[in-house]
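Thanks for coming, everyone. I'll put the structure up and then walk you through a few spots in it.

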Amino acid sequence: MKTEPMPDFDFEARTASYAAATTALTNSAGLTSGVHLMGHSLHYLPDASQGAGVWTAVLDGSGEQPMEGIAVWDGRANTVATCAFGGDHAFGRAFAGTGANSLRNLLAERFPGLVYSDQDIWGYCDGPDPRTAQPVVVVSVARQIGWMQRTVLEPAGVLVLRGSADGRPGLTYREQVAPGDLPGAVYPASVVRAQIHEVQWLGGRGAKDDRGFGYAHTSAATNAGNPGEFLLRSKTDGHLYYVTPLVPRESSSQLVVAFAVLQADRAGGGLNDLHVYVRGDDSPSVNLDVLASRMVSYMAQQTSITISAGQGGALQEIVPFGRDMWRGFVDFNGQTQDFIDLSGDATVKPNLVALSGSITAPGGQPSPAPTPTTSATAAPTPTGQAPAPAAGCGGDPAQLTTGQLAACVAELSRALQGRVQESSTPRP
């Protein structure tokens, strides 16, 4: 353990939410009879092509039907591309296969000392054009080792699965994986979650306090389906990292008090170091519920559409990127149609981007895209202060428009949060 400021990783922003990727890949992938999209294999590949990340998922077979290939979605298009097993790259097994078609049985036979979780299975298309690219399946594996009076899992590299001319899976075990060897995470996400859990336990144990001292994943409604272990690429060093915002443990507060960061593109040689960067008491407060309120308010000001936040709402997910920047994804009918970029301390002008050029609510008519933004790559512009709320907050609420009323509510929430922070006891 050591005390030092959090480095400026300058993480790249994601292109679409996990929820939208799940919907797009499930509904649009060209599935044949007996083939299903392996939900736990949904994986984000940062900056995979042309400066934009893509979502991928394994199209697994079942019974006697072998695996079909890898589905790829860029987060913007309405179609999903697929690189399929076949020809010189046929693959005659499936994770959900039975009998001689069972891939799990084959892996257990060939590598009896390795274990894996379904969430550590992912795939990619090895080539620029998915229609002709070779599908590749990657399995981040671990090894069970003895430690004192119990056993623990230690990351042990990856299995790389490719097709062959006769359909027999080509299995390659790589005990050591260096950054850049593969386009995605090679360190098991399941192990990262376990490491974060142990840090929470050790925090209370070290202080001889088992009553809830430490940090936990957020329970904010917007991030209920995807609270952490975001795979992000650093613009500073080019590495992939798992990034997890942490809130106070055993608390209803959604104030982000720390970040757990672990390098994801290197595996082998034991555990990778997990760094927990705790925000200083004098750092600007960042509350995920307040961020959601500000995002909803800003969209109401810039468009004629009122969105809701939380599970089942339009604002589905808030992910960190850059330096103290956050991106919220606006999903309509399962498709990420817009995103909103805000700074945690409200010192950067919000950036609302309509990916399709217009914003359309479910069952509604298109509304012109907001004028401050012209493309999906437009960068937020520092202004030195937060945008002013709609005028008339001191007047009769019944005389305000929906956008003005939402802005006033967000402004009141920020003011209240500031007072709470000023009067609160400093954190240990």
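**A walk through the predicted model**

Let's start inside, at Val-137. Leaving aside residues up to four places away in sequence, Val-137 touches Met-67, Ile-70, Phe-85, Phe-95, Ile-121, Trp-122, Gly-123, Leu-159, Val-160 and Leu-161. It sits in the largest nonpolar core, which has 36 residues, and Val-137 and Phe-95 are the ones with the most contacts inside that core. Which elements each supply at least two residues of this core? Those are β3, β5, α2, β8 (121-126), β9 (134-147) and β10 (150-162). There's also a second, separate core of 34 residues, and that one includes Ile-307, Ile-318, Val-330 and Phe-339.

Stepping back for a moment: this is a predicted model. The protein has five helices and 22 strands. Of its 428 residues, 48% are buried. If you take the contacts with a separation of 6 or more, 57% of them are between residues 24 or more positions apart. As for the outside, the accessible surface comes to about 20,000 Å², and 50% of that belongs to carbon and sulfur atoms.

So how confident is the predictor? The mean pLDDT is 81, and 77% of the residues reach 70 or more. Over residues 357-391, though, the pLDDT is below 50, even though this stretch has 71 contacts in the model beyond near neighbours in sequence. Residues 420-428 also stay under 50, and there the model has ten contacts beyond four places in sequence. Where pLDDT is low, the predicted coordinates should not be read in detail.

Next, helix α1, which covers residues 18-28. Which of its residues are buried? They are Ala-20, Ala-21, Ala-24 and Leu-25. Looking down the axis of α1, these buried residues fall within an arc of 120°, so they line one face of the helix. That fits the usual geometry: an α-helix has 3.6 residues a turn, so residues three or four places apart point the same way. And what covers that face? The cover over the buried residues of α1 includes β1 (36-37), β3 (52-60), β5 (69-73), β18 (325-332) and β19 (335-343).

In the segment before α1 you'll find Pro-5. Is Pro-5 buried or exposed? Its relative accessibility is 69%, so Pro-5 counts as exposed. Now look across to Tyr-277: Pro-5 and Tyr-277 are 272 residues apart in sequence, but 7.4 Å apart in space, C-alpha to C-alpha.

Now for some loops. Asn-101 lies between β7 (96-97) and α2 (103-110), and at 6% relative accessibility it counts as buried. What does its side chain reach? The backbone oxygen of Gly-63, at 2.8 Å. Beyond four places in sequence, the residues Asn-101 touches include Ser-62, Gly-63, Glu-64, Gly-92 and Arg-93.

Last, a couple of backbone oddities. Most residues other than glycine have a negative phi. Glu-229, however, has a positive phi, near 55°. You'll find Glu-229 in the loop between β12 (215-217) and β13 (230-233), and with 12% relative accessibility Glu-229 is buried. Asp-324 has a positive phi too, near 60°. Asp-324 is in the loop between β17 (315-321) and β18, and at 26% relative accessible area Asp-324 is partly exposed.

Conventions:
Residues are numbered from 1 along each chain as its sequence is written. This is a predicted model: local features need pLDDT of at least 70, side-chain atom pairs count only at pLDDT 80 or more; totals for chains, interfaces and linings use all residues. Side-chain values use heavy atoms; hydrogens and water are left out. Buried means under 20% relative accessible area, exposed over 50%, partly exposed in between (1.4 Å probe, protein chains only). Helices (H or I, at least four residues) and strands (E, at least two) are DSSP runs, numbered from the N terminus. The arc is that of the directions from the helix axis to the C-beta atoms. Contact means heavy atoms within 4.5 Å. pLDDT is the predictor's confidence in each residue, from 0 to 100. A polar contact is a pair of N or O atoms within 3.5 Å; within protein, one must be able to donate a hydrogen and the other to accept it, and residues adjacent in sequence count only if both atoms are side-chain atoms. Accessible areas come from the Shrake-Rupley method with a 1.4 Å probe; for residues, only the protein chains shown count as cover. A nonpolar core is a set of buried Ala, Val, Leu, Ile, Met, Phe, Trp, Tyr and Cys residues joined through side-chain atoms within 4.5 Å.
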